Amino acid sequence: VMASSRRPEHTAPPEVVSVSSRMIEIQTQMSERAVELLNLPEGQPCYLLDVGCGSGLSGDYLSEEGHYWVGVDISTSMLDVALDRDVEGDLLVGDMGQGMPFRPGTFDGCISISALQWLCNADKRTHSPPKRLYTFFSTLYSSLSRGARAVFQLYPENSEQLELITTQAMRAGFSGGMVVDYPNSSKAKKFFLCLFAGVSGVLPKVRKNTYIQKCFEHFLCRFKNMKGKSAKKGKDWILEKKERRRRQGRGVRPDTKYTGRQRRPHF
């Protein structure tokens, strides 16, 4: 999983990145796809959360489909544009890395377009990507009704970043998988992370030019196997754990010949 070197999250924080007309057109198309993946009941209005709503383009589509929505974004300038456009949803200024400030079970679903990968960057010295991701996912899990879905369109920079995201989502209680549209195209390829809150759902049927990867199964099995076992393991377990923490961006001491070596008993 590779991406372009000119990634917007590497050029500036999310609150200062501009949006072109081409990006607006693409976001509208991806919003339609995200709502399709939510698999909402037909003919029934739902209460949805739009994370990283920006100027409200995704919200416009939600309104057209007859849904009610709340948009959260860190950029006040983008929210001002949404207000000038007189969008129908409610708007809230907030940093997704600090959590979602909503009551439990508030929303019937959540969408997010091109926002989740920003949490993998440390724009401030106090930012820890694993902690910010876990804070976001855990509070989002609480704010969704049981059985609801959350669909994130994202641009993962590499496989390590994708593992970081899915690991923190799993820790928060989510299950799910990755839907990749146009997997064989370098330009048209789109990644959608589909998460299920509380109840394991069924990923959409494979359609033409779509690839589905149940990326949570491997992590979930490892997580369950760790439960109930002693924290003291052998050298291989220690080395694997240290390597996993390095991929998650955590600080880990370097390996030495003493790593995992059992200490002699002292009397």
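A residue counts as buried when its relative accessible area is under 20%. Lys242 has a relative accessibility of 13%, so Lys242 falls into the buried class. This lysine sits in helix 7, which spans residues 235-247. Setting aside neighbours within four places in sequence, Lys242 is in contact with Val252, Arg253, Pro254, Asp255 and Thr259. One of these partners, Val252, is 10 residues away along the chain, and the C-alpha atoms of Lys242 and Val252 are separated by 6.5 Å.

The model described here is a predicted one. Its protein chain contains 7 helices and 8 strands. Of the 267 residues in the chain, 42% count as buried. What share of the contacts with a separation of 6 or more comes from residues 24 or more positions apart? The share is 66% in this protein chain.

Leu38 offers a good example of two parts of the chain meeting. Leu38 belongs to helix 1, residues 21-38, and with 3% relative accessibility it counts as buried, because the limit for that class is 20%. Arg149 is 111 residues from Leu38 in sequence, yet their C-alpha atoms are 5.8 Å apart in space. Beyond its neighbours within four places in sequence, Leu38 contacts Arg149, Ala150 and Val151, and also Leu48, Cys110 and Ile111.

The strands come next, beginning with strand 7. Is strand 7, residues 190-196, enclosed by the rest of the structure or open? All 7 of its 7 residues are buried, so the strand is largely enclosed by the rest of the structure. Its residues point in two directions: Lys190, Phe192, Cys194 and Phe196 face one way, while Phe191, Leu193 and Leu195 face the other, and every one of these is buried.

Strand 7 has partners in both strand 5 and strand 6. With strand 5, residues 144-154, the pairing is antiparallel and runs over 6 bridges. Within this pairing, Gln153 has Phe192 of strand 7 as its bridge partner. Strand 6, residues 175-181, also runs antiparallel to strand 7, and 7 bridges join the two. Here Ser175 stands opposite Phe196 of strand 7.

The loop between strand 6 and strand 7 contains Tyr182. Tyr182 has a positive phi of about 50°, although it is not a glycine. Most residues other than glycine have a negative phi. The relative accessible area of Tyr182 is 42%, so this tyrosine is partly exposed. A positive phi also appears at Asp86, another residue other than glycine, where the value is near 60°. Asp86 is placed in the loop between helix 3 (76-84) and strand 3 (90-93). With a relative accessible area of 64%, Asp86 is exposed.

Strand 2, residues 68-73, gives a further picture of an enclosed strand. Because 5 of its 6 residues are buried, strand 2 is largely enclosed by the rest of the structure. Strand 1, residues 47-51, pairs with strand 2 in the parallel sense over 5 bridges. One of the residues taking part is Val51, whose bridge partner in strand 2 is Val72.

Is Tyr68 of strand 2 buried or exposed? Tyr68 is exposed, with a relative accessible area of 55%. Not counting residues up to four places away in sequence, Tyr68 touches Pro45, Cys46, Tyr47 and Leu48. Glu88 lies 20 residues from Tyr68 in sequence, and the C-alpha atoms of the two are 8.0 Å apart.

Finally, attention turns to a pair of helices. Two packed helices are described by the angle between their axes and the distance between the axes. Helix 4 (residues 129-143) and helix 5 (residues 159-171) have axes that come within 8 Å and cross at roughly 45°. An angle between 35 and 65 degrees is neither roughly parallel nor roughly perpendicular, and the two helices are therefore oblique to each other. The crossing of helix 4 past helix 5 is right-handed. On the helix 4 side, the residues that meet helix 5 are Pro129, Pro130, Leu133, Tyr134 and Phe137. Their counterparts in helix 5 are Leu164, Ile165, Gln168, Ala169 and Arg171. Sorted by class, this contact has 8 nonpolar, 1 polar and 1 charged residues.

How values were computed
Residues numbered from 1 in each chain as written. Predicted model: local features only at pLDDT ≥ 70, side-chain atom pairs only at ≥ 80, totals over all residues. Heavy atoms only, no water. Buried < 20%, exposed > 50% of the residue type's maximum accessible area, 1.4 Å probe, protein only. Helix = DSSP H or I, 4+ residues; strand = E, 2+ residues; numbered from the N terminus. Pairing = 2+ DSSP bridges. Axes fitted to C-alpha atoms, helices over the stretch in contact; angles between N-to-C directions. Parallel < 35°, antiparallel > 145°, perpendicular 65-115°, else oblique. Left-handed = near helix turned anticlockwise from the far one by under 90°. Contact = heavy atoms within 4.5 Å. Nonpolar A, V, L, I, M, F, W, Y, C, P; charged D, E, K, R; others polar.
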